[in-house]
Amino acid sequence: MSEFATYPSLKDRAVFISGGGSGIGESLVEHFCAQGARVAFVDVAEAPSRALADRLAGEGLRRPLFIPCDLRDIPALREAVRVAGEQLGPIRALVNNAANDDRHANEDVTPEYWADRLAINLNHQFFAAQVVYPQMREAGGGSIVNMGSIVWKIGYGGLPAYSTAKAGICGLTRSLARDYGPDRIRVNTVLPGSILTERQKELWMHEDEIREVLDLQCLKESLYPPDVARLVLFLAAEDSRMCTSQDFIIDGGWV
């Protein structure tokens with residue numbers, strides 16, 4: 001990562017990342033650790049998360065603090081943020097990354113499934129921000145990065161609950177930015193396009209699908225998790241100190 005930026009303001013900064021065990025979240029944990037940050041992350045998948053912490057420590061980076069957590073359990077999430085702040089110092093950057101983009105046909109969606117999708121993809125973002133706010137306020141400020149998606153902007157079908165949640169995140173960002181701004185807390189949304197995580201490649205993004213996406217992008221290269229992580233680093237660092245209430249799209253020029 002030497003060809004990319006180093007942010008002095010992130011060194012020793014306490015960072016909390018949700019869904020950090022795989023995909024974009026794994027890259028976020030790795031990139032923040034490489035910046036010298038004090039990183040805590042939560043994930044429901046324990047084995048890969050512990051393996052990630054072991055790998056980064058073995059590479060000579062500061063070991064991230066992994067806390068197992070199902071983000072549908074809001075009291076458990078609140079406790080995880082409390083423990084992270086107690087062990088690492090006041091959280092100055094929160095990255096609400098966790099999500100699940102399983103496809104679902106309209107006719108198959110039940111009220112219970114709809115509520116579960118919103119719990120996994122939207123609700124925890126608000127409650128993580130709510131519980132981290134006092135730590136940021138007392139520390140003199142911070143940055144909250146909510147992970148959205150371009151899916152609702154391009155009118156992508158086949159996952160209505162996920163699209164609704166991701167659209168709602170942009171509204172949540174605007175509201176929190178207004179309320180938290182007086183305390184020097186910035187809130188922004190990152191909207192990725194088609195990111196080639198291992199899960200995407202395994203389930204949906206095969207050779208034909210990748211070609212179709214590249215045809216829709218201005219830049220004819222696939223995006224990968226580190227591309228998203230580097231944007232999030234900028235938004236968490238003081239280099240973006242006057243950026244708030246904004247949607248940052250990273251999609252190779254699809255939208």
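Strands S1 and S2 run parallel and are joined by five bridges. One of these pairs Ile-17 with Phe-41 of S2. The model is a predicted one. In it, seven strands form an open sheet with parallel pairing. The strand order is S3-S2-S1-S4-S5-S6-S7. S3 and S7 stand at the edges. Each has a single partner strand, so one side of each is left without a neighbour in the sheet. From one strand to the next, the twist averages 20°.

Helices pack on this sheet. Helix H2, residues 46-58, touches S2 and S3. Its direction makes about 170° with that of S3. Helix H4 lies across S1, S4, S5 and S6. H4 runs at about 165° to S4.

H4 also packs against a helix. Helix H3 (residues 74-88) and H4 (residues 111-139) meet at an angle of about 35°. Their axes are 10 Å apart. The crossing is right-handed. On the H3 side, the contact is made by Ile-74, Leu-77, Arg-78, Val-81, Arg-82 and Gly-85. On the H4 side, the residues are His-124, Phe-127, Ala-128, Gln-130, Val-131, Val-132 and Gln-135. Seven of the contact residues are nonpolar, four are polar and two are charged.

Strands S5 and S6 pair in the parallel sense over six bridges. Gly-142 has Ile-185 of S6 as its bridge partner. S6 is mostly covered, with eight of its eight residues buried. Both faces of the strand are covered. Ile-185, Val-187, Thr-189 and Leu-191 lie on one side. Arg-186, Asn-188, Val-190 and Pro-192 lie on the other.

Asn-146 belongs to strand S5, residues 142-147. Its relative accessibility is 0%, so Asn-146 counts as buried. Several S6 residues appear in its surroundings. Beyond four places in sequence, Asn-146 touches Val-187, Asn-188, Thr-189 and Val-190. Its other contacts there are Asn-96, Gln-125, Ile-169 and Thr-173.

In soluble globular proteins, nonpolar side chains tend to be buried together. The largest nonpolar core of this model has 33 residues. Those with the most contacts inside this core are Phe-16, Leu-77, Leu-94, Ile-144 and Tyr-180. Many elements contribute. Strands S1 (14-18), S2 (38-43), S3 (65-68), S4 (91-96) and S6 (185-192) each supply at least two residues. Helices H3, H4 and H5 (160-180) each supply at least two as well. H4 gives the most to this core, with seven residues. A second, separate core has 31 residues. Ile-24, Phe-66, Ala-93 and Val-232 are included in this second core.

Ile-144, in the largest core, has a varied set of neighbours. Leaving out residues up to four places away in sequence, Ile-144 touches Leu-94, Asn-96, Ala-129, Val-132 and Met-136. Tyr-180, Ile-185, Arg-186, Val-187 and Asn-188 are also touched by Ile-144. Val-132 appears in the contact of H3 with H4 too.

Two residues lie in the loop between helix H8 and S7. Ser-240 is found in this loop, after H8 (225-236). At 1% relative accessibility, Ser-240 counts as buried. Neighbours within four places in sequence aside, Ser-240 is in contact with Arg-186, Phe-234 and Leu-235. Ser-245 lies in the loop between H8 and S7. Ser-245 is not a glycine, yet has a positive phi of about 60°. Its relative accessibility is 17%, so Ser-245 counts as buried, the cut-off being under 20%.

Asp-12, in the segment before S1, also has a positive phi. The value is about 70°, although Asp-12 is not a glycine. Asp-12 counts as partly exposed, because its relative accessibility is 35%.

Trp-254 lies in the segment after S7 (247-250). Trp-254 and Gln-217 are 37 residues apart in sequence. In space, their C-alpha atoms are 4.3 Å apart. Gln-217 is among the residues that Trp-254 touches, with those up to four places away in sequence not counted. The others are Ile-150, Ile-154, Ser-194, Val-213 and Leu-216.

How values were computed
Residues numbered from 1 in each chain as written. Predicted model: local features only at pLDDT ≥ 70, side-chain atom pairs only at ≥ 80, totals over all residues. Heavy atoms only, no water. Axes fitted to C-alpha atoms, helices over the stretch in contact; angles between N-to-C directions. Helix = DSSP H or I, 4+ residues; strand = E, 2+ residues; numbered from the N terminus. Left-handed = near helix turned anticlockwise from the far one by under 90°. Contact = heavy atoms within 4.5 Å. Nonpolar A, V, L, I, M, F, W, Y, C, P; charged D, E, K, R; others polar. Core = buried A, V, L, I, M, F, W, Y, C linked by side-chain atoms within 4.5 Å. Buried < 20%, exposed > 50% of the residue type's maximum accessible area, 1.4 Å probe, protein only. Pairing = 2+ DSSP bridges.
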